[in-house]
Amino acid sequence: MRLTVIGTGYLGAVHAACMAEIGHDVLGVDVDPAKVADLAAGRPPFYEPGFEDVLTRALGSGRLRFTTDLREAAVHGEVHFICVGTPQQAGSQAADLRYVDAVVDGLAPHLSAPCLIVGKSTVPVGTTARLAARVARLAPPGARAELAWNPEFLREGFAVDDTLRPDRIVVGVTGPEADETLRRVYAPMLAAGVPYLVTDPSTAELVKVAANSFLATKISFINAMAEVCDATGADVVTLADALGHDTRIGRRFLNAGLGFGGGCLPKDIRAFSARARELGVGPAVAFLDEVDEINRRQRSRTVALAERMLDGDLTGRRVTVLGATFKPDSDDVRDSPALAVALELHRRGAQVRVHDPEGAAKAGLAHPELHCGTDLLTACRGAELVLHLTEWSEYRELDPVKLARLVRTPLLIDGRNALPHAEWRAAGWTVKGLGRPAAPLEAQRSAAPAPESLRTLIVSPAAAGPEASAVPVGPAART
C-alpha cells in the first residue's frame, strides 16, 4: 500500500522505516529540511538500537523516501499516519495539539482521492471527532477522507521490535472500510498472531493515556513505599519482590528509585488529568496528581540524600552523575530525572560532571552549565560522590574496586537500586539507595555475634592452639 508518515521524530521515523520493511511504499514527511536530509541519507537523528539498520534497508529497497511537501504526500498516500508530537502546553497541564492541527490544515486541502487519515500521536479523548469535522470542512468536495486512531505503544530502546512485533494493535474506527484498510496495513503482524482490537475512536484514544497512567501509578506506588521504608528501616527491593510474586500485581515496573521521565509518561498523565477536568470528571483521575507529585519528589529526595552524604554542604564538592538520559538505550534527555538531579546539585554549588554513553551531547547542548561527556574515567576521577541515575548496562558492569582507586571518596547513591550493593560495599564503598536500609540484612548477620555454641568453631587458630587448625570452618563462619 502507499502510505505517508507525517512527522519523522522518534515515533514517525521508526514507523515509516518499519512499514517499508514489511513491504509498503512509504513517504515520510517533515517540516524540518535538515531532518529530512539526514533520514534520506540514512543518518538517524536519534539513537535507537536497530533503527539504523532498518532505515538503511528501507532506503535501499526503494520503498522509503522523505519530503517536506504535504502536497506531494496528499497525492502519494492511500493512508496518512499522523505522528507529530503533542507536548505539554506552556503554563498548562493540557496537551498542545497545534502540530496535529497543522498536519490536518496542511494536508486536507490537497486531498483529491478517497483516503484514510490515521492518528498515532497521543491525544486527548475526543480529538478524532474534532479532526474529522476539520477535514470535512477543509478537504475538496468528493475527497472522502475518513479519520481513525491507532495509538502507538513504543518503548524507547525497543521501538523497532515494538513496531514489527507489537503486543497488540488497537484501532479506533467509525466504519468497516477503515477497519479493512488497517488490516491490510498490518497484515504481516496479524498473520503472526498479534492481537488486533477494533473499537471506536474515543476508546482507542483512551487506551494509550490509560496504559501510561497505570504504569506511572505502579511506579509511583513503589516509590511511595520507598519513603515508608526509609522511615522504618525496611528494604523496598525485598518488599517489591514479595509483592511481585502475587500474580495480580506482578514484578514489572515495581522498581523503586528516581522515578519516571521522558517525553511520554509525565506529560501524558498531566494531559489526561486536564482533559478529565474539561469533561467534568476530574475527580475520577485526581489520584494522578499525587502520582505526579510522588514522582517529582523522588528527585528532590535524591538531592537531599546527596547533601546529607556530603555533610550538609554541596558547595564546591565534586560530584559525578552516571546517566543523562531518562532511560538506557536512548539518547533522549527530555524530562530526564537524572539531568534534573544534576542541575539541582549544580544550583546548590556542586561541581557536577555528567557521563552518558549516548546522551551526553544532547545533555550538554541543553545544559552547557554541566560538564557532560562520554569518557567515564574523566567523569569519575577525583569525585567525592557518585550518583548512579540511569541504568545503562555499562554502569552495572563497573568494577567497584578499580573505581574506588579513581575517586576521592568512595560514596555512592544508587538512584535506580540496580547495582549489586554487597559487591560495592565489599570494595569499600558507602552505598545508599532510596528505600534501602543503611545496613542490609546480610551485613547485619555478618556483624552479629555468633551463638556461644559456635564460637569454638570460628575462633582463630592462633588463639585456640594447634588443634584448632584441624577443625573445619563452615560457610556461616566464613561470612
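**Entry 1: the loop after H13**

I began with Asp-311, which sits in the loop between H13 and strand S9 (318-322). The model is a predicted one. I looked up the backbone of Asp-311 and found phi near 65°, a positive value in a residue other than glycine. I then checked its accessibility: Asp-311 counts as exposed because its relative accessibility is 68%.

Asp-329 went on the same page. I found Asp-329 in the loop between S9 and helix H14 (337-347). Its phi is positive as well, about 60°, although Asp-329 is not a glycine. I noted a relative accessible area of 31% for Asp-329, so this residue is partly exposed.

**Entry 2: the whole chain**

I stepped back to the protein chain. I noted 23 helices and 14 strands in its secondary structure. Along the principal axes, the C-alpha atoms fill a box of roughly 100 × 45 × 45 Å. Of the 479 residues in the chain, 49% are buried. I also looked up the contacts with a separation of 6 or more: 72% of them are accounted for by residues 24 or more positions apart.

**Entry 3: helix H12**

I took H12 next, residues 265-278, and compared its length with expectation. At 1.5 Å a residue, its 14 residues should span 20 Å, and the end C-alpha atoms are 20 Å apart, so the two agree.

How many of the 14 residues of H12 are buried? I recorded 11, which leaves the helix mostly covered. The buried residues include the charged side chains Lys-267, Asp-268 and Arg-270. Others in the buried set are Leu-265, Pro-266, Ile-269, Ala-271, Phe-272, Ser-273, Ala-274 and Ala-276. I looked for what lies over them, and the cover includes helix H10 (201-232) and helix H13 (287-309). Just after H12, I noted that Gly-280 takes a positive phi of about 85°.

**Entry 4: the cavity**

I searched for enclosed space and found 1 cavity of 30 Å³ or more. The volume of the largest cavity is about 100 Å³. I listed its lining, which has 14 residues; Val-123, Pro-124, Val-209, Ala-271 and Phe-272 lie nearest the centre. H10 and H12 are the elements that give two or more residues to this lining. Which element supplies the largest share of the lining of the largest cavity? I found that H12 does, with 5 residues. Two of the residues nearest the centre, Ala-271 and Phe-272, are also among the buried residues of H12. By type, I divided the lining into 8 nonpolar, 2 polar and 4 charged residues.

**Entry 5: the second largest pocket**

I then turned to open space. The second largest pocket has a volume of about 1100 Å³. I counted 45 residues in its lining, of which Gly-9, Val-84, Gly-85, Thr-86 and Arg-334 lie nearest its centre. At least two lining residues each come from helix H1 (10-21), helix H5 (98-107) and H12. H12 thus appears in the lining of this pocket and in that of the largest cavity. I divided the pocket lining into 19 nonpolar, 14 polar and 12 charged residues.

**Entry 6: cysteines**

How many disulfides does the structure hold? I found 0. I checked two cysteines for the reason. The closest cysteine sulfur to that of Cys-115 is in Cys-83, at 15 Å, which is too far for a bond. Cys-115 counts as buried because its relative accessibility is 9%. For Cys-380, the closest cysteine sulfur is in Cys-372, at 14 Å, so that pair is also too far apart for a bond. Cys-380 is buried, and I noted its relative accessible area as 0%.

**Entry 7: two helix residues**

I looked up Thr-181, which lies in helix H8 (residues 176-185). Is Thr-181 buried or exposed? It counts as buried, because its relative accessibility of 18% falls under the 20% cut-off. Leaving aside neighbours within four places in sequence, I found Thr-181 in contact with Met-1, Val-79 and Leu-116.

The last residue was Arg-137, in helix H6 (residues 127-138). Its relative accessibility is 59%, so I put Arg-137 down as exposed. I also took its separation from Ala-286: the two are 149 residues apart in sequence and 36 Å apart in space, C-alpha to C-alpha.

Key. Residues are numbered from 1 along each chain as its sequence is written. This is a predicted model: local features need pLDDT of at least 70, side-chain atom pairs count only at pLDDT 80 or more; totals for chains, interfaces and linings use all residues. Side-chain values use heavy atoms; hydrogens and water are left out. Helices (H or I, at least four residues) and strands (E, at least two) are DSSP runs, numbered from the N terminus. The expected span of a helix is 1.5 Å times one less than its number of residues. Buried means under 20% relative accessible area, exposed over 50%, partly exposed in between (1.4 Å probe, protein chains only). Contact means heavy atoms within 4.5 Å. On a 1 Å grid over the protein atoms alone, a cavity is a set of points where a 1.4 Å probe fits but cannot get out, and a pocket is an open set with protein on both sides within 12 Å along at least five of seven lines; lining residues have an atom within 4 Å of a point. Grid points are joined across faces, edges and corners, and a volume is the space filled by probe spheres set on the points. A disulfide is a pair of cysteine sulfur atoms within 2.5 Å.
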